[in-house]
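Good morning, everyone, and thank you for making time for this short talk. Please look at the picture as I go along, and keep your questions for the pauses.

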Amino acid sequence: MEAPGSSKPMIATQEEMVEARVPIPYRDQCAHLLIPLNKCRQAELYLPWKCENERHTYEKCAYELVMERMLQMQKIREQEAKLKQPNKQGGLIPLIPKTANA
């Protein structure tokens, strides 16, 4: 299953995420890393110095997803800005002609 607009494939299935009780907001392309992290946290009684490798790999994946979304949004904004700006060849027609102020 591939998420639209993302380069990362969805590895964890819906059944695995439901079984692992992954909250719905966290069911993204990094859920396959969150499942072992949560298991490790429960086994180690949530001690902050335990499960560091799992936590860092999950956080790196989440950071890359956020950065990818930001780049996509920047491209969308740049495209919208290009459409709103008039071309030098007379792209958009102004609502008020220049002769109205004369």
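Before I give any values, I need one term: a residue is called buried when its relative accessible area is under 20%, exposed when that area is over 50%, and partly exposed in between. I should also say at the start that what you see is a predicted model. With that term in hand, we can say that buried residues make up 20% of the 102 residues in the chain.

Let me turn to the overall layout. The chain has 3 helices and 0 strands, and if you read along the sequence, you meet them in the pattern α-α-α. As for the surface, the chain exposes about 8700 Å², and carbon and sulfur atoms supply 59% of that area. There is also a value for how the chain comes back on itself in sequence terms: among contacts with a separation of 6 or more, residues 24 or more positions apart account for 37%.

Now to the cysteines. How many disulfides does the chain have? The count comes to 2 disulfides, and I will take them one after the other.

One of them is formed by Cys30 and Cys61, whose sulfur atoms are 2.0 Å apart. Where do these two cysteines lie, and what does the pair tie together? Cys30 lies in the loop between helix 1, residues 14–19, and helix 2, residues 31–43, while Cys61 lies in helix 3, residues 52–84, so the pair ties together parts that are 31 residues apart in sequence. The torsion about the S-S bond of Cys30 and Cys61 is about -90°, and therefore this disulfide is left-handed. Are these cysteines buried or exposed? Cys30 is buried, with a relative accessible area of 0%, and Cys61 also counts as buried, at 5% relative accessibility.

The other disulfide joins Cys40 to Cys51, with 1.9 Å from S to S. Here Cys40 lies in helix 2 and Cys51 in the loop between helix 2 and helix 3, so this pair ties together parts that are 11 residues apart in sequence. The link of Cys40 and Cys51 is left-handed, with -90° about the S-S bond, and both of these cysteines are buried. If you number the bonded cysteines of the chain in sequence order, the pairing reads 1-4, 2-3, and you may like to trace that on the picture.

Let us go on to the charged side chains. The structure holds 4 salt bridges, and I will describe several of them. In one, the side chains of Lys50 and Glu44 meet at 3.9 Å, taken from N to O. Lys50 counts as partly exposed, at 34% relative accessibility, and Glu44 is likewise partly exposed, at 31%.

Another salt bridge is made by the side chains of Arg55 and Glu59, at 3.5 Å from N to O. Both residues lie in helix 3, and they are 4 residues apart, which is about one turn of the helix. Arg55 is partly exposed at 25% relative accessibility, and Glu59 is partly exposed with a relative accessible area of 38%.

Staying in helix 3, which residue meets Lys60 in a salt bridge? The partner is Glu64, and the side chains of the two meet at 4.0 Å from N to O. Because Lys60 and Glu64 are 4 residues apart in helix 3, they are separated by about one helical turn. Lys60 counts as exposed, at 54% relative accessibility, whereas Glu64 is partly exposed, with a relative accessible area of 32%. Salt bridges that share partners also join Lys8, Lys60 and Glu64 into one network.

My last topic is a part of the surface without such charges. Which residues make the nonpolar surface patch of about 390 Å²? They are Tyr63, Val66, Met67 and Met70. Of these, let me point out Met67, which lies in helix 3 and counts as partly exposed, at 32% relative accessibility.

To close, I would ask you to keep two things from this predicted model: the chain has 2 disulfides, and the structure holds 4 salt bridges. Thank you for listening.

Definitions and conventions:
Residues numbered from 1 in each chain as written. Predicted model: local features only at pLDDT ≥ 70, side-chain atom pairs only at ≥ 80, totals over all residues. Heavy atoms only, no water. Buried < 20%, exposed > 50% of the residue type's maximum accessible area, 1.4 Å probe, protein only. Contact = heavy atoms within 4.5 Å. Areas by Shrake-Rupley, 256 points an atom, 1.4 Å probe, with all protein chains shown as cover. Disulfide = S-S within 2.5 Å. Patch = residues over 30% accessible without salt bridge, like charges linked within 9 Å, V, L, I, M, F, W, Y side chains within 5 Å.
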